[in-house]
Amino acid sequence: MGASAAYHLMQRGVAARNIVLLEKENFFGQGATGRCAGGVRYQFSTEINIKLSLASLPMLERFKEELGQDVSYRQCGYLLVATNEKDANKFKHNVELQNKLGVSTQLLSGDEVRARLPLMRFDDAMAGTFNQKDGVVDPNSVVMGYIAAAQRMGVQNFSGTEVIGVNLRGDQVEGVQTTAGAIKTRMILNAAGPWSSQIGKMAGVQLPVIPLRRQMFTTSPLKEIRDDFPFVIDFAQSLYFHREGEGLLIGMSNQNEQPGFDQSVDKDFELANLEAAINRMPLVEKAQRSSHWAGLYEVTPDAHPIFGGTTVNGFYVCTGFSGHGFMHGPISGKLMSEYILDGKFTSVDVSMLDLKRFEEGRLIQEYNVV
Ligand SMILES: Cc1cc2nc3c(=O)[nH]c(=O)nc-3n(C[C@H](O)[C@H](O)[C@H](O)COP(=O)(O)OP(=O)(O)OC[C@H]3O[C@@H](n4cnc5c(N)ncnc54)[C@H](O)[C@@H]3O)c2cc1C
């Protein structure tokens, strides 16, 4: 979010010397973005998330043309599978909403799901949804594309520089303190993802963003997995599979995970994930684990992001994407550049996703959270 916002502020003509991008790790993109599954989809259950995808995914399609960086966009499609009546009914409603907004997702019967996934065991599938334009993009290429472009244009990018304080005068931002010294500024964009509530606290702004660990693993090559194998989600189990190299990337959300900043792999849960994966796709038993890692979702109470200003003048936020923010990074950075420069969102109206909605009880629940 930070790299995209810096790039889009420059695109709008903000002088490069006026933008500084700060990253506590030694390299950019080591937070949630670098640890994510790279999935990009139009298949959401709320109008606003679908609209964000309609704006953001074409930006990823045009990325190389615009920024000169290949991001390996592979439109393998997402196939979501419902195995209970509640999800099957919700899927039907979601497809109607997506079709109404111009997304050509198809509703599939249980038999159609089984026919499309001959390598998987989905005897209990009741329905499915498929959209060919969903797919996978390489997260690190997107981060580096924005960082390199902003840098070429003169933005100062400081990695290995942690924000440790925010200076205020009354309710106005006056500066930021970092491990490398202080910077005077009247404007801060808090795009610290899972850590954003910590930065909020430094400015006296409470953000309802909770870090929640999620993990995944990749397998050795499996020759049975064809190039066109879709991004499959067993919705009730939050269990997913997509082709990664010549093998698979497999993940599952631990519904009992407690909030926290631990990014080590939970070995017990990994076994549970593996067992669930083998039950769905017996051929996984033949594979070796190639790699595994964990990262943090940045979760809000309604699984929607927070965009805009706060009670502190000059303190802006763009965070809380709740596990599906990578795909919305391009448009989100653009939207923040619009809000900071024009005081309003133009490309997509996300004004309802303000921080005040939590106090005012205007929550909009997203169902398609994995
Ligand atoms: C396992 C996993 C799988 C996911 N899969 C998908 C997916 O398939 N598709 C999708 O769209 N989304 C996915 N997501 C969600 C997605 O990764 C996030 O929504 C998105 O990357 C958030 O981007 P961000 O820029 O807000 O946060 P980040 O990428 O975390 O960036 C915030 C940066 O701020 C830095 N920072 C924090 N504190 C400080 C400080 N004090 N000073 C300086 N710097 C600081 C961090 O080091 C970090 O680099 C997944 C997330 C995880 C964890």
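Which strand gives the most to the shell around the ligand? Keep that in mind while going through these close-ups of a predicted model.

**View 1. The shell around the ligand.** Here the ligand sits with 34 residues surrounding it. Glu23, Ala32, Thr33, Val163 and Glu298 are the closest of them. Sorted by class, the shell comes out as 17 nonpolar, 10 polar and 7 charged residues.

**View 2. Strands that feed the shell.** E16 is the answer to the opening question: it gives the most to the shell, with 4 residues. E16 covers 289-299, and strand E12 covers 210-219. Each of these two strands supplies at least two residues of the shell.

**View 3. Backbone atoms next to ligand nitrogen and oxygen.** Zoom in on Gly39 and you'll find one of its backbone N or O atoms 2.8 Å from a nitrogen atom of the ligand. Over at Lys24, a polar backbone atom is 3.0 Å from a ligand nitrogen. Phe326 also brings in a backbone N or O atom, this one 3.1 Å from an oxygen atom of the ligand. As for cover, the ligand on its own has 1,000 Å² of accessible area, and the protein covers 95% of that.

**View 4. Thr219 and its contacts.** Thr219 has its place in strand E12. Is Thr219 buried or exposed? With a relative accessible area of just 7%, Thr219 counts as buried, because the cut-off for buried is under 20%. Leaving out residues up to four places away in sequence, Thr219 touches Gly247, Leu248 and Ile250, along with Ala287, Gln288, Arg289 and Ser290.

Key. Residues are numbered from 1 along each chain as its sequence is written. This is a predicted model: local features need pLDDT of at least 70, side-chain atom pairs count only at pLDDT 80 or more; totals for chains, interfaces and linings use all residues. Side-chain values use heavy atoms; hydrogens and water are left out. A residue is near a molecule or strand if one of its heavy atoms lies within 4 Å of it. A polar contact is a pair of N or O atoms within 3.5 Å; within protein, one must be able to donate a hydrogen and the other to accept it, and residues adjacent in sequence count only if both atoms are side-chain atoms. Accessible areas come from the Shrake-Rupley method with a 1.4 Å probe; for residues, only the protein chains shown count as cover. Ala, Val, Leu, Ile, Met, Phe, Trp, Tyr, Cys and Pro count as nonpolar, Asp, Glu, Lys and Arg as charged, and the others, Gly among them, as polar. Buried means under 20% relative accessible area, exposed over 50%, partly exposed in between (1.4 Å probe, protein chains only). Contact means heavy atoms within 4.5 Å.
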